[in-house]
Amino acid sequence: MLDIKQIVANTDEIKKRLSLRKPELAAQIDEVMSKYEAYKKVLAQVEELRAKRNEMSKSIGKIKKEQGDEAAKEAMAQVGKLKEEMTAKEAELEPQKAAIDNLLLSIPNVPNENIPVGVSDADNPEYKPCSIALPKFDFTPLDHQAVGEKLGILDFEAAAALSGSRFALFKGDGARLERAILSFMLDLHAKKGYTEIMPPVIVNENILVGTGQLPKFREDMYELTGEPKQFLISTAEIPLTNLNRTRTVSVEELPIKLTAYTPCFRKESGTYGKDTRGLIRNHQFDKVELVMLSKPEESYKMLEIMLEDAQDVLRQLEIPYHIVELCSGDIGFSSAKTYDIEVWMPSENRFREISSCSNCLDFQARRMGLRFKNAQGKLEYVHTLNGSGLAVGRTFAAILENFQQKDGSVIIPKALRPYFGKDKIEAK
């Protein structure tokens, strides 16, 4: 959530930077300011009535002494009338403030001032080129779905019979490889100082408000029936970032670094075609997530560290990748700056996203009341960061595509072999 004080102090700059996301967001800031001015007007009236009531209340004893009981009774009646007027005005404030807060909840974060300007992923500049040699084949490489089905380790027909389209079923060496990948990732991140968490995958409605999925993206979430309102998580960022909500952490605790493996659930409504084939964009998928809570002055440095930790997974697996910086029209709702790591997919002859690493500044912390006490003893909101470290299914897909052999087998990357137990998957 944006800070109303910052909006008031920097209205034109915030409108300008939000317009880089979508031009119509400037009008929403104008609406916020209009509602806030109306709120301040009523608040000023309340304060004026309170001052008058307090002043008259203090003078009643003097009036009684100097003017008698009748004058004192009349003054007390005026105090009562002022209180009634003040109470009536105060009743106007709550819905006005709620309207402002609801509007602020629907406005995305302000992009970093140096973010590339653009309208879609086509405008994302390369931040770091690929440094791992692309695989060379003396045959036409298959996509990961075809490779997995030929090996008998992926069964999309069985998944569809169980759950419908855009679900996957891993079996045999496929299930074993998925488990090996996520264990490898968790161990690697633990060595880098992340605390492993195993959170619930069902959360309450207010938890999704805290990280920014609600109220704007309700249609993308799987909502459970019954009360209280609960949802399946779309990313472990949600429970990990909210783990310290409403808490004041000490400055000595920062940075807090967390990692978790969870299944994730997204409706992915409106996505069709080749993008939905195989493991690329399913309704249920596995992901290892990274989350950091940082001091404000260190959050951009921590973003670079998180990016390094995420890409180290691919370096150790020897999978080609590059990094792009997301433009103003492509960054996520809560993010001020985002890098995407994209992995090479030979069947498509292009890179595909496998991780997004984002700095959300105090946007999420403000929504969930997450603060720390700085060295001067003053309360500040922490900065929150999140990144995929990595999407497990997409890593699985990249291994099948990049390490496929002419005979249909798949070589297992050396770093994974202690987890997987052998160096190759062959058709039975």
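A helix here is a DSSP run of H or I with at least four residues, numbered from the N terminus. Keep that in mind as you work through this predicted model.

**Exercise 1.** Find out how D101 and K97 are placed in helix 4, and what links them.

*Solution.* Start with the contact: D101 and K97 form a salt bridge, and their closest N and O atoms are 2.9 Å apart. Next, look at the positions. Both sit in helix 4 (residues 69–105), 4 residues apart, so about one helical turn separates them. Now recall a general rule: an α-helix has 3.6 residues a turn, so residues three or four places apart point the same way. Last, check the surroundings: D101 is partly exposed at 24% relative accessible area, and K97 is partly exposed too, at 42%.

**Exercise 2.** Work out which parts of the chain the E205 and R218 salt bridge links.

*Solution.* First, the closest N and O atoms of E205 and R218 are 2.5 Å apart. Then place each partner: E205 belongs to helix 8 (residues 205–211), while R218 lies in the loop between helix 8 and strand 4 (222–223). The two are 13 residues apart, and the pair links distant parts of the chain.

**Exercise 3.** Decide whether R352, which pairs with E348, is buried or exposed.

*Solution.* Begin with the pair: R352 and E348 form a salt bridge, with 2.9 Å between the closest N and O atoms. Now take the cut-off: buried means under 20% relative accessible area. R352 has 8%, so R352 is buried.

Key
Residues numbered from 1 in each chain as written. Predicted model: local features only at pLDDT ≥ 70, side-chain atom pairs only at ≥ 80, totals over all residues. Heavy atoms only, no water. Salt bridge = Lys/Arg side-chain N within 4 Å of Asp/Glu carboxyl O. Buried < 20%, exposed > 50% of the residue type's maximum accessible area, 1.4 Å probe, protein only.
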